[in-house]
Amino acid sequence: MSERTEKFLKGKGNFIDDITFPDMLYLEIVRSRKAHAKLLKVKGGLTADNLDLTLISTGESYRKGKNYEVEPVLAKEKVLYYGQPVSAVYDKDRYKAKDLAETVEISYEELKPVLTIEDSLSSKPIHDSKKDNIVSSFEVGKKFSLGSKIKLSDELFMERVLPNPLETRGIVAFYNSGKLNVWISTQSVYSIKNGLTRILGLNPEDINVYQSDTGGAFGSKSAVYPEYVIASYLSIKTKKPIKWIESREEHISSTRPGRGAKAQLKIYGDEKGKIEGIEGKILVDVGAFADDLSSTSPSWIGYQITGPYMIENVFIEGYSVYTNKAPLGPYRGAGRPEATFFIERMIDLYADYLGLDPVDVRLKNLPEKLFESPTGLKVLPSKAFFEEGIKKLNYAELKKNKAGVSFGILIPAVYGGESAKIKIESGAVKVWLGGNAHWQRHELFVKRIIKEVLGIPEDKVILMNGNTSELEKGIGTWGSRSAITAGYALYKAALALKEKVEKMGLKEPQQVLSSELSSEYYENMQLDPSMISFLLTAAIAEIDEGIKPAIKEILAYYDVGEPLSSEAIYGQITGGLLMGIQEVLTEALKYDEKGKPVAETLSATGIAYSINAPKYDVQITSFGRSSAPHGAKGVGEAGTVGAPPASARAIENLIKKRINSLPINLDLLA
Amino acid sequence: MKIKLNINGTDYESEEEPRMLLVDFIRDVAGLKGTHVGCETGSCGACMVLLDGMPVKSCLMLAVQAEGKKIITIEGLSEKNGLNKVQKALSEKKALQCGFCAAGFSIIGTWISENEKNIDDKKVKEGLAGVVCRCSGYDTIIKTITEVAKNE
Amino acid sequence: MKVPPDFKYLRTYTLDEYYEKANQLSLPLIISGGTVAVLMLKNRIIRPEAVIDISQIPELNMLKIDKDDVFIGANTKLYKLKNVLPNDSASELIVKSASTIGDIAIRSMGSVGGNVCLGDPSNDLPVALTAIDAQAVIGKKDGITYTPITSFYIKPFKTILNKGEILLGVNYKMLNGYRTSYKKHFINFLDHYVGIVAAIAKIEENTIKDFRMAMAGEAVGKPVKFDLSEFSKVDEIKTIKERLFDYVNTIHVENNRFGTANYKKKVLYTLISRAIDEVLKF
């Protein structure tokens, strides 16, 4: 039984919109209704022209270090995407704030929006300060020339996808007695604190960030957004608590989506199925403004393009480009699903050309000793894992059902490490982690580690929400990192506490629980190959009435290292798998010819409902422990990595037409 | 105008604008925060409540429309702040993750288990459509509710 | 957040009260269940001076069965149809149609009147009602008129209802010994439907005694009724299908977020074909 879930099931959660204060003001953001336009007039509310000067200058100084364009808090002179914040209004009545938002007058001179990667490369720069629309360019691997017998090319595309957590974004900012207190639905109170400190020019000791219960995130609740700055700024100005809750419509237009990546690849190989090289371009549509993550996305995808395979020659040119769309962010997997989809689809193309079984071709290209890809990626020999997995999933049966199969790797984002704090207080062990759970069940591994190291019963252990005043330093939860990094930090913190306990001669858990000990630990971590897990996924499709493709069964054989909680892992995997499947079928953020998102409701974004859930066959296995002392590997993004190429292949097997673009073009069924 | 609603057996009366949505009355007037707003267009079910015993989406109703009817929210599904069978099973099976969907699945799960006959996986799957879980892939939720409903 | 604009709320208890208020106001919005009306208000597509709640008007809550004549009051909740309608084939088609609307929460709030009056080509009941030649029963201050459903819709989102009028309900004749089929296709659940097809037929010894079909959906527009009177033999299935496919080919279908025109036409062919098979094949 989980106390946390029980609390939610009693309706006693404390999500961001549940947090209220007397005299609270409700903030509404007035947004651009054009994707690309000059702002001729903005009248009403807080606008870029009447924002406090220091704010802008702080923003400017941040921008100086970067060679890409950073999103301003409020648009000035030009709007560059539909949904960009232009003005802000507030009222003590939530409904009136909405009415007030309608009174803000904005007039535009429309410009032609740049909406695709191709458009971006051939159009005038959308930023006046730039000479073209290229944000950044990279070269990954080494140039090569090969006289291979087989050379096959294809263009592959993954459309933008919205994170769409069930709880949208939101914040409550309250400036009180010289300190800014922020409650927020987030993956990292630390990235919020660092961002607000920098942009608002505050002293770090004058701002505390507290995590509310967080109703899902999937990447969307890690960055600092304009609304957070505006809410904090207005609270400092008015000395009142300010609440902003995102509407679903705003989520669709303005929260950062993921994917939006294209690859033009050429695969080189011999006639027997030995892959000799992979080369080409990876292009990422970062939208109207960039950040460190989005601007480096193509090189991150290129880095892992060889997946679990031994491909000796790799050369990828990467480009990220501006378009008149909402800025790009991470979405569950963030680069990993893109790389996997690209290489897996190329291998299927190659196998089909040779008339070989795609699984045989894959097995043939796995390394038998540690392999360092020309991209720098190091992977452990994985042949034994995949051979075993193929047996476990009963490949003969899969073949009969025309299943699609994908091999993949999951690289956890361990860099930066993580922190943890343990505090014994009123008979309970309270734990804070640098990565702030949104109830992916971190509490299960937390309880397990505390029990293992300190012998304290699980029901006495409480995982607390993120809080910068309790635990000062931390990173965040994303990139399949928490079990490894936060688990590691907690394990070390628990060992340190154990030492104190032993020194004091406390023997029984009851004695420990009545102490007032605490311990805190932070350590940076480096990725090593033992942390990378292997993923084998298979999908079986059906085409209902010849017009409706669906995945009826999905099978996963996933390496999770030392499993910390099998129920938590199962839920993470099935959740990711369904998201991955849905990206193949319907889920996408599409824009009309004017740059406005075509979906106006959550259902229209194509997310999965219960009727879309396939039969799951998930086998959790350990292909060795990771080098972290508790042996864990990542799992959060496993399903979104494995499901898309397997599902696309499964449908391809039925319709006998190549699928190289997601979501699948239904015209292929016509 | 004066709006008077009966929620979980308690009468709440308040002077409100007629445009107030039922979900806002439940959350802000009655102070019952377990009913959530997820999509605002009836796509997600996070705001689901029982109205005279039938599941409805409280973001698509005006508060005033619910006058004279009995409203049950997630907080009122069991006596005295406990958990009913469906809620207990969802908790034990660790079926939920982020928990924002708790009202939706508790309400619809309870309704299905009490009203649907000849329950199987497929029926539950179809019955749950309309409530979104973005985290879990629905598998454990479907299995859990099917099990409870079969034992009703 | 999405919240309705401000308005006056008027609850009416009798038809006379409704007519009086509806005639005084410039553009009142009528609300019964609310699923449709509240969403329009929240989207601020409409900004009525007043919202008239008709849910308490007794005439609109009635179900009347008089010999083979059925009247369903506009306020009837969609989920209730399955329990209250008679066992004839026409009612069976209505129940099939109603039970596929949205999810149970939408069906327990939504009313027959709401589904009929919005005029969205994706609404279910209008297709079933068109297939069985139902009538819209329209009330106004000076009386009641019966209009065939086929002439109730002018174009998508536009019906013949005028100021001061109200849809009291729908009326149809029971049909016995028919086979029914109701097919539809959506890309995303709780989103618009690409196509909807309703069919009902009576067959005796391989002879088609009566055969009616209707179609609507995003790709089609307002409901259309097919004239199939010239067909009398079950073995003409192929010809019947071709005739309807030809009709589909004459519709202007747009490429949009629901798919390309080619794909959507294939959807329509498939729905038509399946529905015809279900009612004509033995």
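**Close-ups of a predicted model: the B–C interface and some ring pairs**

**View 1. A salt bridge between Lys57(B) and Asp103(C).** Lys57(B) and Asp103(C) reach each other across the chains, with their closest N and O atoms 3.0 Å apart. Keep in mind for this and every other view that the model is predicted. How many salt bridges does the rule find across the interface of chain B and chain C? It finds three. On the polar side of things, there are 10 residue pairs in polar contact between chain B and chain C, counting pairs where both residues have pLDDT 80 or more.

**View 2. The chain B face that touches chain C, by element and by class.** Strand 4 (54-57) and helix 3 (102-115) of chain B each put at least two residues into this face. Which element gives the largest share? That's strand 4 of chain B, with four residues. Sorted by class, the chain B side comes out as 15 nonpolar, six polar and six charged residues.

**View 3. The whole contact between chain B and chain C.** Chain B brings 27 residues to the contact, and chain C brings 27 residues too. Put together, the two chains bury about 2,300 Å², and 66% of that sits on carbon and sulfur atoms. If you want to pick out three residues on the chain B side, go for Arg19(B), Glu40(B) and Leu60(B): they supply 27% of the area chain B buries against chain C, more than any other three residues.

**View 4. An edge-to-face pair in chain A, Phe386(A) with Phe534(A).** Over all chains, the structure holds 26 aromatic pairs, and this is one of them. The ring centres of Phe386(A) and Phe534(A) are 5.9 Å apart, with 65 degrees between the planes. Why does the pair tie together parts that are 148 residues apart in sequence? Because Phe386(A) belongs to helix 12 (residues 383-392) of chain A, while Phe534(A) belongs to strand 23 (residues 533-544) of chain A. Are these two rings buried or exposed? Phe386(A) and Phe534(A) are both buried.

**View 5. A pair of tyrosines in chain C, Tyr18(C) and Tyr19(C).** These two rings also meet edge-to-face, at 5.7 Å centre to centre and 70 degrees between the planes. Tyr18(C) is buried, as is Tyr19(C).

**View 6. A ring cluster in chain A.** Zoom out from the Phe386(A)–Phe534(A) pair and you'll find both residues in a cluster linked by ring pairs. The other members are Tyr309(A), Phe385(A), Phe407(A), Tyr557(A) and Phe623(A).

How values were computed:
Residues are numbered from 1 along each chain as its sequence is written. Chains are lettered from A and ligands numbered from 1 in the order in which they are written. This is a predicted model: local features need pLDDT of at least 70, side-chain atom pairs count only at pLDDT 80 or more; totals for chains, interfaces and linings use all residues. Side-chain values use heavy atoms; hydrogens and water are left out. Contact means heavy atoms within 4.5 Å. Buried area is the accessible area (1.4 Å probe) that two parts lose on being put together, summed over both. A salt bridge is a side-chain nitrogen of Lys or Arg within 4 Å of a carboxyl oxygen of Asp or Glu. A polar contact is a pair of N or O atoms within 3.5 Å; within protein, one must be able to donate a hydrogen and the other to accept it, and residues adjacent in sequence count only if both atoms are side-chain atoms. Ala, Val, Leu, Ile, Met, Phe, Trp, Tyr, Cys and Pro count as nonpolar, Asp, Glu, Lys and Arg as charged, and the others, Gly among them, as polar. Rings of Phe, Tyr and Trp (its six-membered ring) pair if their centres lie within 6.5 Å; planes under 30 degrees apart count as stacked, over 60 as edge-to-face and the rest as tilted. Buried means under 20% relative accessible area, exposed over 50%, partly exposed in between (1.4 Å probe, protein chains only).
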